[in-house]
4 protein chains.
Amino acid sequence: MEDQMRQPQASPEVRARIQASFDRQGLMRHLGARIVHIAAGCVRIVLPSRPEVTQQHGYVHAGASSAIADSAGGYAAFTLAPENTSVLTVEYKINLLAPAEGDHIEAVGTVLRSGRTLAVCQLEVFGVQDGHRSLVATGQQTLMFVKERAEQPDDQR
Amino acid sequence: MEDQMRQPQASPEVRARIQASFDRQGLMRHLGARIVHIAAGCVRIVLPSRPEVTQQHGYVHAGASSAIADSAGGYAAFTLAPENTSVLTVEYKINLLAPAEGDHIEAVGTVLRSGRTLAVCQLEVFGVQDGHRSLVATGQQTLMFVKERAEQPDDQR
Amino acid sequence: MEDQMRQPQASPEVRARIQASFDRQGLMRHLGARIVHIAAGCVRIVLPSRPEVTQQHGYVHAGASSAIADSAGGYAAFTLAPENTSVLTVEYKINLLAPAEGDHIEAVGTVLRSGRTLAVCQLEVFGVQDGHRSLVATGQQTLMFVKERAEQPDDQR
Amino acid sequence: MEDQMRQPQASPEVRARIQASFDRQGLMRHLGARIVHIAAGCVRIVLPSRPEVTQQHGYVHAGASSAIADSAGGYAAFTLAPENTSVLTVEYKINLLAPAEGDHIEAVGTVLRSGRTLAVCQLEVFGVQDGHRSLVATGQQTLMFVKERAEQPDDQR
């Protein structure tokens, strides 16, 4: 995983398009999530722990973990998408391995296979406390590339 | 589905325990979700559409849909759980069938099988506009029953 | 489910194309599976119990249940496919609810949503003993429609 | 992956118990599958390509790939199971990434997390042609540990 930290960032243009799309996701802003790394085929999103994202035991809610994991996978696929293409999540499956606790959680979406129409991503969610990372959820996601309509020239994902 | 509306509500005690657990989920409150029906083996949760829960195209974010679907399934299993038992989501899989749009979305969790250790739920998410319901996501969820520890006597889910 | 028995069969042409494709599946023949009903959007496949399809406890192996469930869903989607189109399984998820036992097992694939590129099916597997049906597995499957290449004019699925 | 080839084998006792359980799986024998490596937390099963395991295009049927992947994951979890414990597959999800072709296919089940009651495995299936391996399917599996009943003292999985 730490190797992924060292992956070279995607081009400034790709990063700008992803950041602009992310900034339009009201949910990500409302949750307090932010993108921390955009490499070709791998995107990482961080969510600080706070009462607004918890489940009934005080851990980060699986829905919040899944939301940032889904977005991380979607943008990871987007880094490999053809020009003028949006990415839609077709489906995903996630196993919750341990309570999501820590200062923050971090979702890593990594493209396993990218084709003409579909992509498949691995999703991982880590709880991070004082720099120590622990895997709390793991998943698998299928995405579809969709040609942008001319009316939505600025629609990145 | 409308038949589910007519399902008899669970006992006042079960409903009170579920509502109390739900009220402790910071994420549900932060999203603006509320439980609208608690029957034995079937729970329905509603989320009004608003900018705070959108993805980049203005539809309800898959992460928000998944969050209320996960909670609906979890509480549906809880209605059938043995005394002094919590319910944990082991995993779920969800297919996003159509953009989640409407005045609000509604998640329905329905127990398909409930055993001694595990339960399996069907998850459905509908977009609702002017009373018209349209299926936007469908999923399947595995949950585990866990004995409450004595230190957590008030911990319902 | 019994209602599905009464669903009108698909057209003779569709049934013939599906049967021909099924007959080319070496695995279905090797397992001893056969198609028993082809309706628009719903296909049923039966597998007799015998030692060649068991797991270590003598029940039907999850792999055999999954194989006929996958084929049932694939052909269900095929009944709704555009002309000159093949159907590929993108992914599926299956929960094994109970030991698969009985005289035979029966898989039912039912299309939940069929679009231009993708279809989503519900998968159910029943153990059948003396006419009594019991749900032993339930799943969800994503399929893709692929244009036939001219070189494969007789390739139905 | 090649590193997995070099993983030390599990103890002779564990290997013997797994081989004995595998030998009781009628389906594995009927398909022609065999276990090729048993390490702690990782098991590999090979299936030679032949007409008896194909789908309608001549590739290995997804049902056959899934069957050996399910068994590989189940036995991988079994290597880490407490004494006198069986392993049951709760559910799995598999993405089919490419046609399964080659001299043979090989499934690798690797334990991601093993707890007191549940285990989660990664499933990978490779097509192997002339020693060249290509990933054709990837999945995720949930398993449950079940205490052996006294009446089944020799029941390993």
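**Exercise 1. In which loop of chain B is the place of B:Asp130?**

Solution. The structure is a predicted model.
Step 1. Find the two flanking elements: strand S5 (118–129) and strand S6 (132–147) of chain B.
Step 2. B:Asp130 sits in the loop between these two strands.
Step 3. Check the backbone: phi of B:Asp130 is positive, about 50°, although the residue is not a glycine.
Step 4. Set this against the general rule: most residues other than glycine have a negative phi.

**Exercise 2. Place A:Asn84 in chain A and state its phi.**

Solution.
Step 1. A:Asn84 belongs to the loop that runs between helix H4 (62–78) and strand S3 (85–96) of chain A.
Step 2. Its phi is near 55°, a positive value in a residue other than glycine.

**Exercise 3. Describe the contact between chain C and chain B, starting with area and ending with the residues of chain C.**

Solution.
Step 1. Count the residues: 14 of chain C are in contact with 14 of chain B.
Step 2. Take the area: the two chains bury about 1,200 Å² between them, and 47% of this is on carbon and sulfur atoms.
Step 3. Find the main contributors: C:Lys93, C:Arg113 and C:Gln140 supply 46% of the area that chain C buries against chain B, more than any other three residues.
Step 4. Count the polar links: there are two salt bridges between chain C and chain B, and 10 residue pairs are in polar contact.
Step 5. Name a salt bridge: the side chains of B:Glu91 and C:Lys93 meet at 2.8 Å, N to O. This distance satisfies the 4 Å cut-off.
Step 6. Assign elements: on the side of chain C that touches chain B, strands S3 (85–96), S4 (104–114) and S6 (132–147) of chain C each give two or more residues. S6(C) gives the most, with five residues.
Step 7. Sort that side of chain C by class: six residues are nonpolar, five polar and three charged.

**Exercise 4. Which residues of chain A does UniProt list for "domain: Thioesterase"?**

Solution.
Step 1. The unreviewed UniProt entry lists residues 57–127 of chain A.
Step 2. In the model, this span is 24% helix and 46% strand, and its end C-alpha atoms lie 15 Å apart.

**Exercise 5. Decide where chain A should be read with caution.**

Solution.
Step 1. Chain A averages a pLDDT of 91, and 90% of the residues score at least 70.
Step 2. Over residues 150–157 of chain A the pLDDT is below 50, yet this stretch has 26 contacts in the model beyond near neighbours in sequence.
Step 3. Where pLDDT is low, the predicted coordinates should not be read in detail.
Step 4. For the complex, the predictor gives an ipTM of 0.90 and a pTM of 0.92.

Technical notes:
Residues numbered from 1 in each chain as written. Chains lettered and ligands numbered in written order. Predicted model: local features only at pLDDT ≥ 70, side-chain atom pairs only at ≥ 80, totals over all residues. Heavy atoms only, no water. Contact = heavy atoms within 4.5 Å. Buried area = accessible area lost by both parts, 1.4 Å probe. Polar contact = N/O pair within 3.5 Å; in protein donor to acceptor, adjacent residues only side chain to side chain. Helix = DSSP H or I, 4+ residues; strand = E, 2+ residues; numbered from the N terminus. Nonpolar A, V, L, I, M, F, W, Y, C, P; charged D, E, K, R; others polar. pLDDT = per-residue confidence, 0-100. UniProt positions renumbered as here; feature names shortened; annotations may be inferred.
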